[in-house]
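Me: I would like to go through the fold of this chain with a few short questions. Please look at the model before we start.

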Amino acid sequence: MWFSSDAERALKELDVDRTNGLSAEQANSRLEQYGENKLKGKPKKSVLVLFFAQLKDMLIYVLLGAAVITLLIGEYTDSIIILLVVILNAVIGVFQEYKAEKAIEALQKMTTPKALVRRDSEVIEIDSKMIVPGDIVVLDAGRYIPADLRLIESVNLQIEESALTGESVPSEKNAARVFEDPKTPLGDLANMAFMSTLVTYGRAEGVVIGTGMNTEIGKIAKGLEEHQTDMTPLQKRLAELGKVLGYIAIAICALIFIIALIQKRDLFEMFLTAISLAVAAIPEGLPAIVAIVLALGVTRMSRINAIVKRLPAVETLGSVNIICSDKTGTLTQNKMTVLHLYTQRNFLDVPSEGTATATEGTQKKLIQTLVLCTDATLVDGESTGDPTEIALLELGEKYHSSKKTLEDGHERVAEKPFDSDRKLMSTLNKEGSHYRLHTKGAFDSILKIATHALVEGKKIPLTDEIKADYLGAAKEMSDQALRVLGAAYKDTDEIIDPDDMEKDLIVLGLVGMIDPPRLEVKDAIHEAKQAGIRSVMITGDHQHTAAAIAIELGMATSLEQTISGSEIDALPDEELSAKIDQYRVFSRVSPEHKVKIVKAFQSHGNIVSMTGDGVNDAPSLKNADIGVAMGITGTDVSKGASDMILTDDNFTTIVSAIEEGRNIYNNIKKAVVFLLSCNLGEIVAILASVLFYWPVPLLPTQILWINLITDTFPAIALGVDPGDKDVMKRPPRNPKESFFAGGAATRAIIGGSLIGILTLTAFYFGLSEHGYQLGSKSIPQNVLTYAETMAFVVLAVSQLFYALSMRSATHTIFRVGLFSNKYLIGAILLGIILQFIVISVPFLASAFHVQMLSLRDWMIVIGFGLVPLVVNEIIKGGFRMRSREE
């Protein structure tokens, strides 16, 4: 471990001279040995491979079987329709998968294009992909780290590592430090610099100890490459349903032939009947309808600033019961903000918005010192530099003391840069005819070099009592997880040497700052809690800071609900899994920890959402049931690894998306149960005819027409039904819950049986109109055609009206609102019109073996068609009355 060795030992192990660097020959040799300094992605799948992968599904197999059968019996139109449905589903799947897998490509784009290295005693600029282990890399402010480095020299070095560690404040680096503990967290390794992080201050040199996939970023890339995406609950439900339907279709065919042999019926006729039954058992339009409903749901979600990359992820949201959220930039604003000023016995709360006026002289001087003693810039809202210093400049802007204004007449003439040992920075600025020294830094360091304090505008000796007062204020701020900075000054008549600057200073006061929580997040967490969703924080930040934010937001109630990364390492996976529910805050964690935490929650059957914006979040986003990336602050890597992107970076959007996901699942369930009820009606009608030796009332072409055309539009309309207003007042749905939970199976059986019985009744009515019975022999073809037409139209119309009853399992259509889903009303009217067209247009009537009906027939058909709707509404009333009695 390079961080546990000193710099000289690292140079020796890598066989490189610090002064000269590698020679050109050494560099070329190592390039051949280690390869280019870039991340490798897994081989891309061809479009053809992706396409065939979409066909590996039981329901698709059944559909393809139906297509082959209809082709064999000469029904070419039906075969083409079924094949088009299969191809449409596969194309949608390929398109979604092609868009989704971009994480590794985004990681590759993050590598720095150029880097400064020392080779053959000269500092040269080369492409970062040509860097090899042993190269001496030169770093300065504003430059990205091109590979993992063991620092060998550093001067006031600060590196912004939030994308890798989650910390919003740049890490101070010191090449001289050595860390003997092998479990030292990534964010604490002050003698290391990591690929794709950014130098914000100072300069340094480092020796390359890892390139490409052997860097910390490379480990993340490997994690993304190795992870296999699990099926979502919806995909699992549909896969199970497809298998069941496939087995049912096979069983029905076998049953038909057994019956045919027993009854000694015509085998070819029974073969056609078996096809009819198999086709009736398969909801041919189901895969396309589910894909369309999900796509429409995605469109709706984009209007609430949530972009879904994988269609099934919409439904997964509805099952989420744990949101694992990154802190920096997700729960917080990702910028330091000064909350309090303190001068002797005087606390001042800084307003979060607008401007204010410092009424007391010491406060004005404190703000002036803090603003002038910075290297950051802030012009017209655009800032550069250290986030802490930017926060001080914003403080100055609020109190009408902008850096630009103060520097006019207070020009800097000398300085003593920040040093991590001193933890101080000083500048000497003009102050009229003389000079003023401004110093800021850690408050305990300020007290060591101060002799006086400015109290109510007067310079007085710094007594133990005054020191205790200041330290009490500093502790009070620290207990609130605020970062505390002190400030002091002194006047001088001449320009003084930097070594003499930080002596005999006058204490002005101190400030407390924090990366504040987003204002709207607290309400969103409360709403999620009401919906049975637990929110937890996973962050690279310090324990006390993370806990303070979590408690303020209502995510946690005490420090006991926090655990650090090092504590996680000390726990076996089984013990972590057993204790995981005790914790609400996970601090100082690495990317590996985040994945462990997500998996520990999942081991209890939870559906876990992970939000994040940094490179360090990518593996956990990928491993979570649904990964949610930030659209504004998020890196390309996090977006590539996620299932959903929030375009407004707003935590509340997650809760809105979960609500939308719940409604979408409920709508899909309505559509699926509706389609299966209709198919059950067809099975009942045909199977009863076979069992009782009656003529079969429906032909395969007629069933296909209803399944693919007539039923499709009401099913899609049910899929876009207006959402249930109370959906977030109920706990998340159990991911193991069947489509048929909550009485859906009973309703489907009752509705399907009624539809089947009414179809047979209409068929019987058609025969009896001409003096024939169901058991009659040698029925004329014209009579059979008329009876089949009655059955065909009743089947379609009863299914169309039945769709109205499917809108709610408990409320009547009048309570829900008969016209509140205008799409469904339109679909029903369209379905009736299509039925009228197919029996009225001669060539269509001939193709489907039907004939025109009279007005009287249509009235009878409509009457029959309303029965399932009326019966289902009566059953709902009975359920409601019983629940009230209980």
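Me: At what angle to strand S23 does helix H20 run?

Reply: The model is predicted. Helix H20 covers residues 543–553 and lies across S21, S22 and S23, the last being strand 585–587. Its direction relative to S23 is about 155°.

Me: Which helix packs on the sheet and touches S8, S9 and S21?

Reply: The contacts of this helix also include strands S24 (608–612), S25 (626–630) and S26 (644–646). Its direction makes about 160° with that of S9. The helix spans residues 651–691 and is H26.

Me: What is the strand order of the open sheet?

Reply: The sheet has eight strands with mixed pairing. Its edge strands, each paired on one side only, are S8 (306–308) and S22 (562–564). Neighbouring strands are turned by 20° against each other on average, direction ignored. The order reads S8-S26-S25-S24-S9-S21-S23-S22.

Me: Which residue in S21 stands opposite cysteine 324?

Reply: Strand S9 holds residues 322–326 and S21 holds residues 534–538. The two strands run parallel and are joined by five bridges. Opposite cysteine 324 stands valine 536.

Me: What share of the residues of the protein chain count as buried?

Reply: The protein chain comes to 34 helices and 26 strands. A residue counts as buried when its relative accessible area is under 20%. Of the 886 residues, the buried share is 57%.

Me: How many contacts, as a percentage of those between residues at least 6 apart in sequence, join residues at least 24 apart?

Reply: The count covers contacts within the protein chain. Contact here means heavy atoms within 4.5 Å. The percentage joining residues at least 24 apart is 72%.

Conventions. Residues numbered from 1 in each chain as written. Predicted model: local features only at pLDDT ≥ 70, side-chain atom pairs only at ≥ 80, totals over all residues. Heavy atoms only, no water. Pairing = 2+ DSSP bridges. Helix = DSSP H or I, 4+ residues; strand = E, 2+ residues; numbered from the N terminus. Axes fitted to C-alpha atoms, helices over the stretch in contact; angles between N-to-C directions. Buried < 20%, exposed > 50% of the residue type's maximum accessible area, 1.4 Å probe, protein only.
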